[in-house]
Amino acid sequence: MGAVRRIKTKRRTRDLDQVHADLRSPKHLAEHTNSKPAEDLPGLGQWYCVECAKWFESENSMEQHTRGKPHKRRLRALKEEPYSQKEADAAIGLRTDNGNRKPSRLTAIEEQAATLNLDMESNG
């Protein structure tokens, strides 16, 4: 049998849309940071990079991280708004068209008045 591919979850960080939610809502960030006990986190959970969603052992390692390329790349990626479901649907051709399906009563009345005016002009 062939080899089974598995997703590496050890180094997996939060996705960009999750980080956007963290930056917009402090409540969302608090739920994530409080979901893990401080004893299990590096540096007892004191140093956390919100943009990269990573914990650090010391203040020095966090400062080095903020000066590094991966952090700067992540900041650049976060400047763009995440895709919404509406944009994804539009990309594959699904659009919401809530136009008038039935002619409104007002337009029907206006059409009748226009035909009456034409009839009166042609007769008179």
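This report describes the fold, the buried regions and selected residue contacts of a predicted model of a protein chain.

## Overall architecture

The protein chain contains six helices and two strands. Read from the N terminus, its elements follow the order α-α-β-β-α-α-α-α. The chain has 124 residues, of which 18% count as buried.

Contacts also link parts of the chain that are separated in sequence. Among contacts between residues at least 6 apart in sequence, 37% join residues at least 24 apart. A separate example of distance in space concerns R11 and K54, which are 43 residues apart along the chain and whose C-alpha atoms are separated by 9.8 Å. R11 lies in the segment before α1, and its relative accessibility of 72% means that R11 counts as exposed.

## The buried side of helix α1

Helix α1 spans residues 16–24, and its buried residues are V19, H20 and D22. These residues lie on the same side of α1, because they cover an arc of only 160° around the axis. A general property of helices is relevant here: an α-helix has 3.6 residues a turn, so residues three or four places apart point the same way.

Which elements are included in what covers the buried residues of α1? Among them are α2, formed by residues 26–33, and α4, formed by residues 69–78.

## The nonpolar core and its aromatic pair

In soluble globular proteins, nonpolar side chains tend to be buried together. In this model, the largest nonpolar core consists of six residues, namely L29, L41, Y48, V50, A53 and W55. Setting aside residues up to four places away in sequence, A53 touches R14 and Y48.

A search of the whole structure finds one aromatic pair. This pair is formed by Y48 and W55, with 4.3 Å from centre to centre and 45° between the planes, an arrangement classed as tilted. Both of these residues are also listed in the largest nonpolar core. Y48 counts as buried because its relative accessibility is 13%. W55 likewise counts as buried, because its relative accessibility is 17%.

## Two cysteines without a disulfide

How many disulfides does a search of the whole structure find? The search finds zero. The case of C49 shows why no bond is assigned there: the closest cysteine sulfur, in C52, is 3.8 Å from the sulfur of C49, which is too far for a bond. For a disulfide, the two sulfur atoms would have to be within 2.5 Å. C52 is accordingly in no disulfide, and the cysteine sulfur nearest to C52 is that of C49.

Are these two cysteines buried or exposed? C49 has a relative accessibility of 1% and therefore counts as buried. C52 has a relative accessibility of 5% and therefore also counts as buried.

## The surroundings of H71

H71 is placed in helix α4, which is one of the elements covering the buried residues of α1. Because its relative accessibility is 6%, H71 counts as buried.

Apart from neighbours within four places in sequence, H71 is in contact with C49, E51, C52, H65 and T66. This list includes C49 and C52, the two cysteines whose sulfur atoms are 3.8 Å apart. With H65, the link is also a polar one: a polar contact of 3.2 Å joins the side chains of H71 and H65.

How values were computed: Residues numbered from 1 in each chain as written. Predicted model: local features only at pLDDT ≥ 70, side-chain atom pairs only at ≥ 80, totals over all residues. Heavy atoms only, no water. Buried < 20%, exposed > 50% of the residue type's maximum accessible area, 1.4 Å probe, protein only. Helix = DSSP H or I, 4+ residues; strand = E, 2+ residues; numbered from the N terminus. Arc of directions from axis to C-beta. Contact = heavy atoms within 4.5 Å. Core = buried A, V, L, I, M, F, W, Y, C linked by side-chain atoms within 4.5 Å. Phe/Tyr/Trp six-rings, centres within 6.5 Å; stacked < 30°, edge-to-face > 60°. Polar contact = N/O pair within 3.5 Å; in protein donor to acceptor, adjacent residues only side chain to side chain.
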